[in-house]
Amino acid sequence: MTAPEPLPVVLAGARGHGRWHLANIRRLQEDGLVRLAGICELTPLTEDEYGGEPPEQSADFDALLESTGARIAVVCTPIHTHTDLALAAAGRGVHLLLEKPPAPSYTEYRRMADGVAAAGTACQIGFQSLGSHALPAIRALVADGAIGRPTGVGGAGAWVRPEEYFRRAPWAGRRRLNGVDVIDGALTNPLAHAVATALALAGSTRAEDVTGIETELLRANDIESDDTSCVRVTTAQGRPVTVAATLCAERADDPYVLVHGTSGRITFWYKQDRVLVQRAGHGPEELHFGRTDLLENLVDHLVTGAPLLVTPDATGAFMKVVEAIRRAPDPAPLPEGAWHRVPGENRRVVPGVDGLVAAAADTLSLYSELGAPWAPPARQAVSGSVPEPARRSAQPPARQSAPHPPKEVNTR
């Protein structure tokens, strides 16, 4: 039997985070799985940027798909361009790896998901953490009763970002741009993996799994979107999912998801594929896992029929959170006394927020419930009751050091 021909791929958005996708495509190209056939950018990549002579380039996505005969499009462009570009690819029968978040609103998400399904093309949403082999292992531990009855899932992300981060592109730090929803923000873009992974480990990934959402959205930076936020999701199972995030931490930490049970808990540092199991009657157990690359899984799906790991429908619950954040009032600015600049680093820090992020994941509480003086009462955005969070005496896990417009695109 002869090996299948490498599948031709077009990358839309090769700068910014797109550089990671470019390197990944080239890795899979070396393995003979794909062939980088074209790059869609408003300004073509130079040979220095590409590291040699680049493939065909164009700012016209449709024309590039046509001229290259692409089978797969990797779309890593500004959030508000995702739906139209995805539908353009699907309309040509081109399969998709679509960066997260899949869309800036639930309406746009449904337009994308329904259009792709009607076209009969495959679509993978780029939540890379959901390719971790730790997820099925954690689900198996919970199903076997390792931590007793599951009671909820927390997520924590404490990151640092300089003020330049919010000026890297016209859409960065914006909720809307030229009247179009963008909904960039800590929970919807840089730390979206924490939300999606927490929902996945709660077994609540589809839109119908969500019955209630509370949001607290704040900002220390001079931006439209939130940089210090938390959300609590009530699921159809009745167990809360609470995720807290900040881009104004005192020091950077690896984000994690925490599965709570009546007799233990499981911590998952999803960027490291590392798991810590703590349960009654046992010493702590640390486990390390591999992960399946989502583009490689998409290729496997097209060649062998292997199931996709992150379909659009499997991000419906996440998109309910995005919609709740979109519909919430604009993030409240923190009073000047609640933050300060770090000398020489040009970034804003909210003192004490690192501990609040960890405590929110540990107790499934919102900032206002933890006594943060700058946090307004939560806003409930989806009908359905939200139970009081289960308070726990256990300490948080130890800290670990460690993005209808035209179809021309630019980089995230």
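This report walks through a few spots in a predicted model, from a cavity to some unusual backbone angles.

Some ground rules come before the tour. Local features are described only where pLDDT is at least 70, side-chain atom pairs count only at pLDDT 80 or more, and totals for chains, interfaces and linings use all residues. Residues are numbered from 1 along each chain as its sequence is written, and side-chain values use heavy atoms, with hydrogens and water left out.

**A cavity**

Let's start with the second largest cavity, which has a volume of about 40 Å³. A cavity here is a set of points on a 1 Å grid over the protein atoms alone where a 1.4 Å probe fits but cannot get out, and lining residues have an atom within 4 Å of a point. Grid points are joined across faces, edges and corners, and the volume is the space filled by probe spheres set on the points.

Which residues line the second largest cavity? They are L130, A196, L199, A200, S204, T205, A314, T315 and F318. Sorted by type, this lining has six nonpolar residues, three polar and no charged. In this sorting, Ala, Val, Leu, Ile, Met, Phe, Trp, Tyr, Cys and Pro are nonpolar, Asp, Glu, Lys and Arg are charged, and the others, Gly among them, are polar. Helix α7 (residues 192-201) gives the most to the lining, with three residues. Helices (H or I, at least four residues) and strands (E, at least two) are DSSP runs, numbered from the N terminus.

**Two helices side by side**

Now look at helix α4 (residues 82-91) and helix α5 (residues 106-119): their axes come within 9 Å and cross at roughly 5 degrees. Axes are lines fitted to C-alpha atoms, for helices over the stretch in contact, and angles run from 0 to 180 degrees between N-to-C directions. That crossing angle makes α4 roughly parallel to α5 (angles under 35 degrees count as roughly parallel). On the α4 side, the contact uses T83, D84, A86, L87 and A90, while α5 brings E108, R111, M112, G115, V116 and A119. Contact means heavy atoms within 4.5 Å. By type, these contact residues split into six nonpolar, two polar and three charged.

**Three residues up close**

T246 sits in strand β12 (residues 240-246), T197 in helix α7, and K320 in helix α9 (residues 316-327). Are they buried or exposed? T246 counts as buried at 0% relative accessibility, and T197 is also buried, at 0%. K320, at 27%, is partly exposed. Buried means under 20% relative accessible area, exposed over 50%, and partly exposed in between (1.4 Å probe, protein chains only).

Leaving aside residues up to four places away in sequence, T197 touches S129, L130, L135, V257, F268 and Y270. With the same kind of neighbours set aside, K320 touches Y106, A207, V210 and I213. K320 and R206 are 114 residues apart in sequence, yet their C-alpha atoms are 9.0 Å apart in space.

**Backbone oddities**

The peptide bond joining K100 and P101 is cis, with omega about -15 degrees. P101 lies in the loop between β5 (95-98) and α5. Two residues that are not glycines have a positive phi, as the table shows.

| Residue | Phi | Loop | Relative accessible area |
|---|---|---|---|
| D273 | about 55 degrees | between β14 (264-269) and β15 (274-279) | 8%, buried |
| L364 | about 60 degrees | between α10 (353-363) and β20 (379-382) | 0%, buried |

Technical notes: On a 1 Å grid over the protein atoms alone, a cavity is a set of points where a 1.4 Å probe fits but cannot get out, and a pocket is an open set with protein on both sides within 12 Å along at least five of seven lines; lining residues have an atom within 4 Å of a point. Angles under 35 degrees count as roughly parallel, over 145 as roughly antiparallel, 65 to 115 as roughly perpendicular and the rest as oblique.
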